[in-house]
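Got your viewer open? Load the model, switch to cartoon, and keep the selection box handy for a short walk.

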Amino acid sequence: MTPAVRPVTRRDIPVFARTLADAFFDDPVMMWMWPDDERRRRGLPRMFAAEARHHLLAHGGLEIAEGPDGATGGATMWAPPGRWKVTGWRSVLVTAGMIHALGGRARVGAEVNGALEDAHPAEPHWYLSAIGTGNATRGGGFGKALLRSRLDRCDAEGVPAYLESSKEKNISYYERFGFRVTGEIAVPNGGPTLWKMWREPVTR
């Protein structure tokens, strides 16, 4: 059965954050920000929860995919056109959450965020800041269901989509959904490389 995709509610945020934390545990950027496994294990759910709770939940940018048993198998974080950057009082709350999550690595986190912001395209778009499936549910169609959910909306609205792939091996996966590499982002001070990927809406 195809996983069922639905919007995230405030009550879902803990399981939403844990799902993304599981998916991103071996991500090169996250490993750069938290070289210590245990600190990364603790910090990732806090980071995703802060971004979700104080920024993207209000914009309807969070979705989870559930299996037939109702268990969450995947999650996505999207920002609507013109809303990808946190501003105003929300930025204070998100920044506080990031500092809590990163601790002594907060400066490194700020460098990563700055590099992504500097490279971000100006044209209006839906921004996929994170997508992931739990280790136990990989290969179950959760990622495909989540991507199709929002990309179908992009096509209906005639709006492009953008993401940064932090793993080169994932580029071909996103290409199957119409994304194309448009450039690279180098994290400062010898950090990993990310690939900028852009998708034009499909007219039907």
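Here are a few stops, from the whole chain down to single residues and a pocket.

**Stop 1: the annotated stretch.** Bear in mind that this is a predicted model. Select residues 3–200, the range covered by the annotation "domain: N-acetyltransferase" in an unreviewed UniProt entry. Across residues 3–200 the chain is 44% helix and 22% strand. Put a distance label on the end C-alpha atoms of that range and you should read 25 Å.

**Stop 2: the largest nonpolar core.** Which residues have the most contacts inside the largest nonpolar core? Select Phe16 and Phe48: these two hold that place in a core of 38 residues. Now show what surrounds Phe48. Leaving out residues up to four places away in sequence, Phe48 touches Ala17, Leu20, Ala21, Phe24, Met30, Met77 and Ala130. Another core, of 19 residues, lies apart from the largest one, and Trp126, Phe142, Leu163 and Tyr174 are among its members.

**Stop 3: Phe142.** Stay with that second core and pick Phe142, which sits in helix H6 (residues 142–157). Buried or exposed? Phe142 has a relative accessible area of 10%, so it counts as buried, the cut-off being under 20%. Setting aside residues up to four places away in sequence, its contacts include Pro3, Ala65, Glu66 and Gly67, and also Gly73, Gly74, Thr133 and Thr137. For a sense of scale, draw a C-alpha to C-alpha line from Phe142 to Ala186: the two are 44 residues apart in sequence and 29 Å apart in space.

**Stop 4: Thr76.** Next, go to strand S3 (residues 72–79) and click on Thr76. Thr76 is buried, at a relative accessible area of 0%. What does Thr76 contact, beyond its neighbours within four places in sequence? Light up Phe16, which you met at the core, along with Gly61, Leu62, Glu63, Leu128, Ala130, Ile131 and Leu146.

**Stop 5: the second largest pocket.** Finally, turn on a surface and look for the second largest pocket, with a volume of about 170 Å³. It is lined by 13 residues, and to find its centre, select Trp34, Arg39, Ala101, Leu102 and Gly103, the closest ones. Helix H3 (37–56) and helix H4 (88–102) are the elements that give two or more residues to this lining, with H3 supplying the largest share, 4 residues. Colour the lining by type and it splits into 4 nonpolar, 4 polar and 5 charged residues.

Note on methods:
Residues numbered from 1 in each chain as written. Predicted model: local features only at pLDDT ≥ 70, side-chain atom pairs only at ≥ 80, totals over all residues. Heavy atoms only, no water. 1 Å grid on protein atoms, 1.4 Å probe; cavity = no way out; pocket = protein on both sides within 12 Å on 5 of 7 lines; lining within 4 Å. Points joined across faces, edges and corners; volume = space filled by probe spheres on them. Nonpolar A, V, L, I, M, F, W, Y, C, P; charged D, E, K, R; others polar. Buried < 20%, exposed > 50% of the residue type's maximum accessible area, 1.4 Å probe, protein only. Contact = heavy atoms within 4.5 Å. Core = buried A, V, L, I, M, F, W, Y, C linked by side-chain atoms within 4.5 Å. UniProt positions renumbered as here; feature names shortened; annotations may be inferred.
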